[in-house]
Every structure is written in structure tokens, then in C-alpha cells.
Amino acid sequence: MGSGFGGQCAAKALLARGIDDFVMLERRPFLGGTWKQNRYPGAAVDVQSPLYSIASEPFEWTRMFAEQEELERYTEHVLRSNELPGRARPNTEVERIEWRGDHWEISTSQGVLHGRFVVNASGPLSTPVIPPFPGRDRFAGKTFHTNDWDVDFDHTGKRVAIVGSGASAAQVIPAIQPDVSELHVFQRTPHWVIPRHDREFTALQRKLLRFEPIRRLVRAAIYWSHETRIIGFKYSRRALKLVAENEAVKHLRRQVPDPDLRTKLTPDYALGCKRVILSNTLFPALGASNVTLHDKNDGISEITETGIVTATGEHVEVDLLVWSTGYDATDGVISYPVIGRDGRALSDVWDPYPRAYLGTTVPGFPNLFVVTGPNTGIGHTSAIFLIEAQMEYIVRALDAVRDAGAVAVEVTSAAEQAYTDKIHREMEGTVWKDGGCHSWYQSRSGHVVAMFPGFSFTFRRWAKRFRAEEHDIHMTATDATDKDVMPV
């Protein structure tokens, strides 16, 4: 399920194992995931391009931080080079999946499919959220979420409101600010912002990056420089403050001379507790004469047909209302019903919070693998690195089934419980858990379920070793009695 980088990595891993009997299901009319879908102005990656790419799929990047159009070209390159479009079914919405003893029954908008294994790679940032403000549906102007930006709508000269101030808003605001007549930004909580050290690659640099040893060296240098951030995020709040927070404070002072605006933009929590924003243009845009920043003291009271009534009673009339309010990235990791062994629903198992062994498999749900599942998010490096690590585990689990001539593989309840307990013990003291903020990293229960609490190479090391003793290998169809399990 899904044709973004998660689905592409899964397909590549299967093909490398000689497994070609699979199909990719994509709910949208096009393939490619995030970087085909997100077409809002200013969209770009916040991890350096040489690292934010599939290890086995090099690309001739034109700049350090790739923008949406180039990322879209890269996505298309990966799909074409692996001949994946012919294996995909776009316009196919997964409505429900149910375990049938020895395979999964997948109900979709285009009919029913059957598969021994299911890899859910729909991604955590795929289900947009719009808060239920009073009067939200009364607005008569143009409105859309950043995830569904209407590229045909001309915002030039318009009065615009952006609700939200996170990562996508931070890219949209400076991109559209020079073109609009008024821009109202509704910020619930300020974010830490650090400089974005971007640059276009020269012709010589691009030529050198085509040389594999140099490409690997550059990729490794970026990777290890990012890994050091975990020291501050997890082990040393003092180091975090001395290095990263001081840099962010200097950046804010340098770019925002207005003391009142600077106060509104100063976070009161540890850097990293919410997603850190990389930008050289956000603060100057927020300080422009046609921009008004509404902080938590002047938030949205209600929405009318023509605009927004703020908490101070002001009526802000706008022509365009943009929701930059994020995604259901924790409790809504999988958006469709999943019914496992013995008829149990995954939503019940994940109450009060999502959990999975290696963020990938759940007891009671044989042959189901979740890419970028619970606690596989990464706040300091490339998400693709973690996806590739998950593939190490998934293919070894498939090998275990094939080598045994078995029907299914399923992680034990004890192994999943031990893993989950360890993850949440390790989360204590991190900026994501104890940084003084509430973020989308946390589920409704308060558990941090989006982030992995450690070095990314640690997760990869864990994923590379398939621990047979922590799994049941089912030799026949599984049912309530479940007696045919191969001893390990």
C-alpha cells in the first residue's frame, strides 16, 4: 500500500530477493507519494539531498536541499528504473484488510485482492488534519490544506490566512508573501528555526558527485554529522543548549529586530521537542509590512463566511484560507480497518497507543509489515535510512517463511512487549518526551509514538538480525487454536 519512498524501497527489496509476484496499490491517480502530492509553493526537503535518497539509487542533484520539482523527478526516476509503474494500480483506495488464515483479503475501491503478505507503506504524513473550528464549513472563499494545494488558484493580490506555523507553513509563507496583499499567520506555538545552509552545486561538484567513492564519502559525512544531534536530543540538554539553541537564538535576533515580534517567535521549550525548521527566509517574511502574526493570545475564535474572528474580537477578512495543520501521524498510522487473527481489529490492539516490534510487526497480525510504523520516525537524519533498515528486517522475515516452507510469520506477544517497553524506557528524558511541549510526535495517550529514541544506526543493527526465537513460524493456516507452529 503506497507508492512513495516506502513502497519503492519495499518493491526494490522484493525484486532483489527474486520476488516479483506483488502489486503496489496507490489511492491517488498518480504514483510517487509525498513529493508528487505536496506541490505547495516553497516545498523542499529539510535533509541534504545526497543523504535524502535511496542508497542504491544515486541521482545528479542540482542543490544541497532539493526542491519539490527535483524530488518529483527523482521519485519518477526510481519508479522508471525499477519498472514499477507496470506493477502499480493507481486510483485504488484500500478500504479494509482481513486475515483469512493463510493470506490477507484486501478490499479496495477497485475490487478484492488476495495476498500472502501485506506491506503497508502509506506513510504517517498522508492523512491531513483540519481542526474543527466553529464555523469551519461556512467559509465561502477558497480553502485547502497544504497537502492538497490548488496549483490552478492564483493567490496574487489576495488576502490570505495560513492556519499553522510548522514545517510546511514555514516554506509557504516566504514563498507567497511577496505576491499577496495581506498575509495572516495563525501560530499556536512558535518553532525553533535554524539557518538553512543551502547551495546550488556547481558543474564541477555535480561531476564529482557522479564518482561513486566521492558520492559515498559525501553521504557518509552528512550522515555522521547528523547522528551527533542525538547527543543533545537524548543525552545532554546542556550540549543542546550550548550548540543548537544558541545558534537558533542568534538567528532569531539577527533576523527579527522588532522585539514584540521576536517575543512571539521565541519558543519556551527545548529545541527538538517539536520539529526544527531550517529557513533563512521565514523570519524576514514574517516581519514584512503585509504580514500579521497572530499568536496563541490572538488565535481563532470562529470562522465566518468571509474570514476569521480572532480571540481578541477582530474580524479578519480573507479570500484564501490555507490549512497548514499537519497530519494524523500517530493514532492514524494506518487509515483503513485491519482485522487480524481471531477477528481482532488493529485499532483495538493499538488502544491506547500504536505499538509494533521494530515499528514493523504486531502479534496477532501475521505477514503484515508496517513501513514507518510506530517509533520509526527520525528527527535528526533521513527518514529513508530508517525505511531501508526496516526492509532489512522484512526480507529476512520473508526468508524465514520461504526457507521453512511455511505459511506465515508472526512476532510473539512477549517479544513485542519487551521491545515496546524498551522503546518507551529509552524515550524518558529525551526532548520528544520531556522537552516541555506537546507535539504531533505524541499520541492522544501522551506516549511518544512517532520517534525512535536513539541513533539510527542502532535501529539498523537491530533490524539486520532476524531473531527466530522472537517469532512464530506458522506451518499451516492460523486460526483460534493456532497449534501448528514450528519450534524455534
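Here's a quick briefing on one pocket and one helix pair. Keep in mind that this is a predicted model. The pocket is the second largest one, at about 730 Å³. The helix pair is helix 1 and helix 12, whose axes come within 10 Å. Both helices also give residues to the lining of that pocket.

**The second largest pocket**

- Its volume comes out at about 730 Å³, and 25 residues line it.
- Closest to the pocket centre you'll find Asp 21, Phe 22, Val 23, Gly 115 and Phe 117.
- Two or more lining residues come from each of helix 1 (5-16), strand 1 (24-25), strand 5 (111-115), strand 6 (118-120) and helix 12 (383-404).
- Helix 1 chips in the largest share of the lining, with four residues.
- Sorted by class, the lining has 18 nonpolar residues, four polar ones and three charged ones.

**How helix 1 and helix 12 cross**

- The two axes cross at roughly 40°. That angle is neither under 35 degrees nor in the 65 to 115 range, so helix 1 and helix 12 count as oblique to each other.
- As for handedness, the crossing of helix 1 and helix 12 is right-handed.

**Who touches whom**

- On the helix 1 side, the contact is made by Phe 5, Gly 6, Cys 9, Ala 10, Ala 13 and Leu 14.
- Helix 12 answers with Ile 384, Ile 387, Glu 388, Met 391, Val 395 and Leu 398.
- Taken by class, this contact has 10 nonpolar residues, one polar and one charged.

Notes. Residues numbered from 1 in each chain as written. Predicted model: local features only at pLDDT ≥ 70, side-chain atom pairs only at ≥ 80, totals over all residues. Heavy atoms only, no water. 1 Å grid on protein atoms, 1.4 Å probe; cavity = no way out; pocket = protein on both sides within 12 Å on 5 of 7 lines; lining within 4 Å. Points joined across faces, edges and corners; volume = space filled by probe spheres on them. Nonpolar A, V, L, I, M, F, W, Y, C, P; charged D, E, K, R; others polar. Axes fitted to C-alpha atoms, helices over the stretch in contact; angles between N-to-C directions. Parallel < 35°, antiparallel > 145°, perpendicular 65-115°, else oblique. Left-handed = near helix turned anticlockwise from the far one by under 90°. Contact = heavy atoms within 4.5 Å.
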